[in-house]
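Here are some exercises to work through with the model open beside you. Try each task before you read its solution.

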Amino acid sequence: MRAYKTGWTLITGGGSGLGQALAWDIAARGGRVIVAGRRPEALEETRARAPEAILAVTADVATPQGRDAVAQIVQDRGPLYGVVHNAAVLDPVGPLAEVSPEDWRYQQAVNVEGPLFLTQALLPHLMHGGRILHISSGAAHRCLVGWGGYCSSKAALYMLYLCLREELAPRGVHVGSVRPGVVDTPMQTRIRATDASRFPGVERFRRLKAEGQLESSERVADFVSWVLLDTGDRQFSEEEWDIGNEAQTRLWRDTRAL
Ligand SMILES: NC(=O)c1ccc[n+]([C@@H]2O[C@H](COP(=O)([O-])OP(=O)(O)OC[C@H]3O[C@@H](n4cnc5c(N)ncnc54)[C@H](OP(=O)(O)O)[C@@H]3O)[C@@H](O)[C@H]2O)c1
């Protein structure tokens, strides 16, 4: 039996957007999923579509209590095949020159500390050959004015991928990273609503939506589940996956078609 069918996959931020679509995709492929997030009603919407395959845990990954709640349910349920660090917040949006220490810290706590310390808490429960996948962004690799905190957090998450990949490989745990493109999710709705005085690049995102150029969360979930479930161990972690990379998407399409 395929490894992802014998163990659970935890998805943070599984109550909306990409995390929700990914939970449904993995459940449809015969996997079992635990979704975590702050809003129970959003998680329940995800669970209700495949209640036999999806469990929900209300947890804020920015807090030790939230991460303990996730670790507890994983301990109760049995081995973990995958961890997808998908939860993230875009706010605070605006000049770095004005960001408050409190807003900065909360964003970094969700986007960077959450993945790191949740990985620590879940390592004892990961199967040999288990996989950890970071949901990255183009913002990890270039500056978007007004998104200074978000870009910094995604750049830190990318570096955590590079370091954890080396550190955990000898323990039989594989760490990967994926860039999902510009996806039609609640985060994009939030982006389009931003005032241009806080985020000068907003017009590009409004135009992409108006021109129907956003990736659907279902298509991105298909790509991410392929990366997580169907690539070889070395292939999974050796370079960052990017839905905008033609060679990588060709490989995805060709192997999915087999
Ligand atoms: N959409 C895009 O164009 C795009 C592009 C590049 C990268 N990404 C990345 O893709 C991932 C998914 O984002 P999305 O677009 O699907 O946006 P989304 O719908 O806003 O999803 C983010 C999820 O994270 C959860 N979350 C936020 N803070 C949390 C916390 N402290 N603890 C637990 N869960 C928390 C939210 O649920 P609660 O509010 O219920 O906690 C929500 O379900 C993110 O990592 C994002 O940075 C998105």
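Before starting, one definition is handy: helices are DSSP runs of H or I with at least four residues, numbered from the N terminus. Keep in mind, too, that this is a predicted model.

**Exercise 1. The overall fold**

Task: Find how many helices and strands the protein chain has, and work out why the chain can be called as compact as a globular protein of its length.

Solution:
- Start with the secondary structure: the protein chain comes to eleven helices and seven strands.
- Next, take the radius of gyration, which is 17 Å, close to the 18 Å that the globule rule gives for 258 residues, so the chain is as compact as a globular protein of that length.
- For the extents, fit a box along the principal axes: the C-alpha atoms fill roughly 55 × 40 × 40 Å.

**Exercise 2. The sheet**

Task: Establish in which order the seven strands lie in the sheet, and which strands are at its edges.

Solution:
- Trace the pairing across the open sheet and you should read S3-S2-S1-S4-S5-S6-S7, with parallel pairing.
- At the edges you find S3 and strand S7 (241–242), each pairing on one side only.
- Now look at S1 (residues 8–12), which pairs with S2 in the parallel sense over five bridges; here Thr-9 stands opposite Val-33 in S2.
- Move on to S2 (residues 32–37) and S3 (residues 54–58), which are also parallel and joined over five bridges. Ile-34 has Leu-55 of S3 as its bridge partner.
- Finally, follow the chain from S2 through helix H3 (residues 40–49) to S3: together they make a right-handed β-α-β unit.

**Exercise 3. The ligand shell**

Task: Describe which residues and helices surround the ligand.

Solution:
- Collect the residues with a heavy atom within 4 Å of the ligand. There are 30 of them, and the closest are Arg-39, Asp-60, Asn-86, Tyr-150 and Thr-185.
- Sort the shell by class: 15 residues are nonpolar, eleven polar and four charged.
- Assign the shell to helices: H2 (17–28), H5 (101–122), H6 (148–168) and H7 (186–192) each supply at least two residues. H7 gives the largest share, three residues.
- Check the ligand's oxygen atoms for polar contacts. A polar side-chain atom of Ser-16 is 2.7 Å from one oxygen atom. A polar backbone atom of Leu-18 lies 2.8 Å from an oxygen atom of the ligand, and for a backbone N or O atom of Val-183 the distance to a ligand oxygen atom is 2.8 Å.
- Then turn to burial: of the 880 Å² that the ligand exposes when taken alone, the protein buries 94%.

**Exercise 4. A peptide bond**

Task: Determine whether the peptide bond from Asp-91 to Pro-92 is cis or trans, and where Pro-92 lies.

Solution:
- Read omega for this bond: with a value near 10 degrees, the bond is cis.
- Place the proline: Pro-92 lies in the loop between strand S4 (80–85) and H5.

How values were computed:
Residues are numbered from 1 along each chain as its sequence is written. This is a predicted model: local features need pLDDT of at least 70, side-chain atom pairs count only at pLDDT 80 or more; totals for chains, interfaces and linings use all residues. Side-chain values use heavy atoms; hydrogens and water are left out. Two strands pair if DSSP finds at least two bridges between them. A crossover is right-handed if, with the strands pointing away from the viewer, the path from the first strand over the helix to the second runs clockwise. A polar contact is a pair of N or O atoms within 3.5 Å; within protein, one must be able to donate a hydrogen and the other to accept it, and residues adjacent in sequence count only if both atoms are side-chain atoms. Accessible areas come from the Shrake-Rupley method with a 1.4 Å probe; for residues, only the protein chains shown count as cover. Ala, Val, Leu, Ile, Met, Phe, Trp, Tyr, Cys and Pro count as nonpolar, Asp, Glu, Lys and Arg as charged, and the others, Gly among them, as polar. The radius of gyration is taken over C-alpha atoms; the globule rule is 2.2 Å times the number of residues to the power 0.38.
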